[in-house]
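Dear colleague,

I am handing over a structure for your consideration. Please look through it first; my findings follow below it.

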Amino acid sequence: DNQKVWLSLDAVSADVGGRKLQNISLKVHAQEIVGIAGVEGNGQDVLMRVLLDRHSLKKNSWRGEITQN
């Protein structure tokens, strides 16, 4: 796979308002379309909050490594 990695998550965990996300890792390559699906309560909203708004979350409410190129 020669496509550039556009977004990388490594061992991301979070606790946002009592809703938890545990040990998520993934890579999104340039030109890929990614969907996040699951039943209610499986952490999709917490994942989106960490990805889109992590700078405004309380200190230590999430951990792991997120890289965007």
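**Findings**

Asp53 and Arg49 both sit in helix α1, four residues apart, which is about one turn of the helix. Their side chains meet in a salt bridge, with a distance of 3.3 Å from N to O. Asp53 is partly exposed, with a relative accessible area of 30%, and Arg49 is likewise partly exposed, at 33%. Please bear in mind throughout that this is a predicted model.

**The chain as a whole**

The chain has one helix and three strands, and along the sequence they follow the pattern β-β-α-β. Its C-alpha atoms fill a box of roughly 40 × 25 × 20 Å, taken along the principal axes. Of the 69 residues, 28% count as buried. The chain exposes about 5300 Å², and carbon and sulfur atoms supply 48% of that area. Among contacts between residues at least 6 apart in sequence, 55% join residues at least 24 apart.

**The remaining salt bridges**

How many salt bridges does the chain contain by the rule applied here? The count comes to three, the pair of Asp53 and Arg49 being one of them.

Another joins Asp45 to Arg19, where the N to O distance is 2.8 Å. This pair links distant parts of the chain, since Asp45 belongs to helix α1 and Arg19 to strand β2, 26 residues apart. Asp45 has a relative accessible area of 40% and is therefore partly exposed; Arg19, at 41%, also counts as partly exposed.

Lys20 forms a salt bridge with Asp15, and the closest N and O atoms of this pair are 3.0 Å apart. Asp15 is partly exposed, at 33% relative accessibility. As general background, side chains of opposite charge can pair when their charged atoms come close.

**The nonpolar core**

Which residues make up the largest nonpolar core? There are twelve in all: Leu7, Leu9, Val12, Ala14, Val16, Leu21, Val28, Val46, Leu47, Val50, Leu57 and Ile66. Strand β1 (5–16), strand β2 (19–29) and helix α1 (44–53) each supply at least two residues of this core. Strand β1 gives the most, with five residues. In soluble globular proteins, nonpolar side chains tend to be buried together.

Val12, a member of this core, has contacts in several parts of the sequence. Leaving aside neighbours within four places in sequence, Val12 is in contact with Leu21, Gln22, Asn23, Ile24, Val50, Trp62, Arg63, Gly64, Glu65 and Ile66. Of these partners, Leu21, Val50 and Ile66 are also listed in the core.

**Further residues of helix α1**

Leu51 lies in helix α1. Not counting residues up to four places away in sequence, Leu51 touches Leu7, Leu9 and Ile66, and these three partners are among the core residues. The C-alpha atoms of Leu51 and Gly41 are separated by 17 Å, the two residues being ten apart along the chain.

Met48 is also placed in helix α1. Together with Val34, Ile36 and Leu52, Met48 makes a nonpolar surface patch of about 380 Å². Is Met48 buried, partly exposed or exposed? Its relative accessibility is 34%, so Met48 counts as partly exposed.

Yours sincerely

How values were computed. Residues numbered from 1 in each chain as written. Predicted model: local features only at pLDDT ≥ 70, side-chain atom pairs only at ≥ 80, totals over all residues. Heavy atoms only, no water. Core = buried A, V, L, I, M, F, W, Y, C linked by side-chain atoms within 4.5 Å. Buried < 20%, exposed > 50% of the residue type's maximum accessible area, 1.4 Å probe, protein only. Contact = heavy atoms within 4.5 Å. Salt bridge = Lys/Arg side-chain N within 4 Å of Asp/Glu carboxyl O. Patch = residues over 30% accessible without salt bridge, like charges linked within 9 Å, V, L, I, M, F, W, Y side chains within 5 Å. Areas by Shrake-Rupley, 256 points an atom, 1.4 Å probe, with all protein chains shown as cover.
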